[in-house]
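Hi,

Here is the structure I said I would pass on. Have a look at it first, and my notes follow underneath.

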Amino acid sequence: MEHEQSSEGPARTGISTHLVEAAVAVALLAIGLVVVFEARKLGAGWTTDGPGAGYFPFFIGVIITILSAGILYQSLLGKSRNTAVFVDSVQLRRVLSVLVPATVYVLAIAIVGIYVASAIYIALFMMVLGKYAWFKSVFAALGVNTLFFCMFEVWFKVPLFKGALDPLRFLGY
């Protein structure tokens, strides 16, 4: 979705594009360095049999490191760095309203399992962001997860992760 700035409205403020580029470059730089150091532990040299286990990952890590350093330089010190607004506070709030609950959902799977975490996630998502009534949300969440439970556990005999607490232990699965 593209937003055009009108001449009457205030200037758009928010996080600059070059700062986002720099943050991504720093993350890629860290990943590249980790790959380089771990590949060296595997043996990044040439052995009597040919390349060591870390030979190709080492050079991929070197390429990632060099390119991300270039992106970092360009985004912070380059002459043509993009200083336009990448995301404003309204857009960032919308993204975070989905990203934060999704992150909590993924972490909750480890504790209560995929079925219980999914039911809670669907119900809360419907109530908070979709503005549905609580009984419709709970009914839909329980219905979807009951269907998935039957499909995976009963019909396909494929057990999905139940979590450390295993709250569905009483079902015998």
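**What turned up**

The largest share of the nonpolar surface patch comes from α3, which gives six residues to it. Keep in mind throughout that this is a predicted model.

The patch itself covers about 970 Å². Its members are Ile 15, Leu 19, Tyr 73, Leu 76, Leu 77, Leu 92, Val 95, Leu 96, Leu 99, Val 100 and Val 104. Two helices, α2 (55-77) and α3 (89-128), supply at least two residues each. If you want one residue to click on, try Val 100, which is found in helix α3. Val 100 has a relative accessible area of 46%, so it counts as partly exposed; the cut-offs for that class are 20% and 50%.

Next, the charged pairs. How many salt bridges does the structure hold? The count is three, and I went through each of them.

- Lys 41 pairs with Glu 38, and the closest N and O atoms are 3.3 Å apart. Both residues lie in helix α1 (residues 17-42), three residues apart, or about one turn of the helix. Lys 41 is exposed, with 67% relative accessible area, while Glu 38 is partly exposed at 41%.
- Glu 153 and Lys 162 meet through their side chains in a salt bridge of 3.0 Å, N to O. Are these two buried or exposed? Both Glu 153 and Lys 162 are buried.
- Arg 169 forms a salt bridge with Asp 166, with 3.8 Å between the closest N and O atoms. Arg 169 is exposed at 53% relative accessibility, whereas Asp 166 is buried at 18%.

Asp 166 deserves a second look for its backbone. Most residues other than glycine have a negative phi. The phi of Asp 166, however, is positive, near 45°. Asp 166 is found in the segment after α4. With a relative accessible area of 18%, which is under the 20% cut-off, Asp 166 therefore counts as buried.

Which other residue has a positive phi although it is not a glycine? That is Lys 131, with a phi of about 60°. Lys 131 is found in the loop between α3 and α4. Its relative accessible area is 67%, so Lys 131 counts as exposed. To put the two side by side: Lys 131 is exposed, and Asp 166 is buried.

That loop brings me to the helices on either side of it. How do α3 and helix α4 (residues 134-155) pack? Their axes are 8 Å apart, at an angle of about 150°. An angle over 145° counts as roughly antiparallel, and α3 and α4 therefore run roughly antiparallel to each other. The crossing of α3 and α4 is right-handed.

If you only have a few minutes, I would go to α3. It gives the nonpolar patch six residues, among them the largest share from any element, and it packs against α4 with the axes 8 Å apart. After that, go to Asp 166, which takes part in the salt bridge with Arg 169 and also has a positive phi near 45°.

Let me know what you make of it.

Cheers

Definitions and conventions. Residues numbered from 1 in each chain as written. Predicted model: local features only at pLDDT ≥ 70, side-chain atom pairs only at ≥ 80, totals over all residues. Heavy atoms only, no water. Patch = residues over 30% accessible without salt bridge, like charges linked within 9 Å, V, L, I, M, F, W, Y side chains within 5 Å. Areas by Shrake-Rupley, 256 points an atom, 1.4 Å probe, with all protein chains shown as cover. Salt bridge = Lys/Arg side-chain N within 4 Å of Asp/Glu carboxyl O. Helix = DSSP H or I, 4+ residues; strand = E, 2+ residues; numbered from the N terminus. Buried < 20%, exposed > 50% of the residue type's maximum accessible area, 1.4 Å probe, protein only. Axes fitted to C-alpha atoms, helices over the stretch in contact; angles between N-to-C directions. Parallel < 35°, antiparallel > 145°, perpendicular 65-115°, else oblique. Left-handed = near helix turned anticlockwise from the far one by under 90°.
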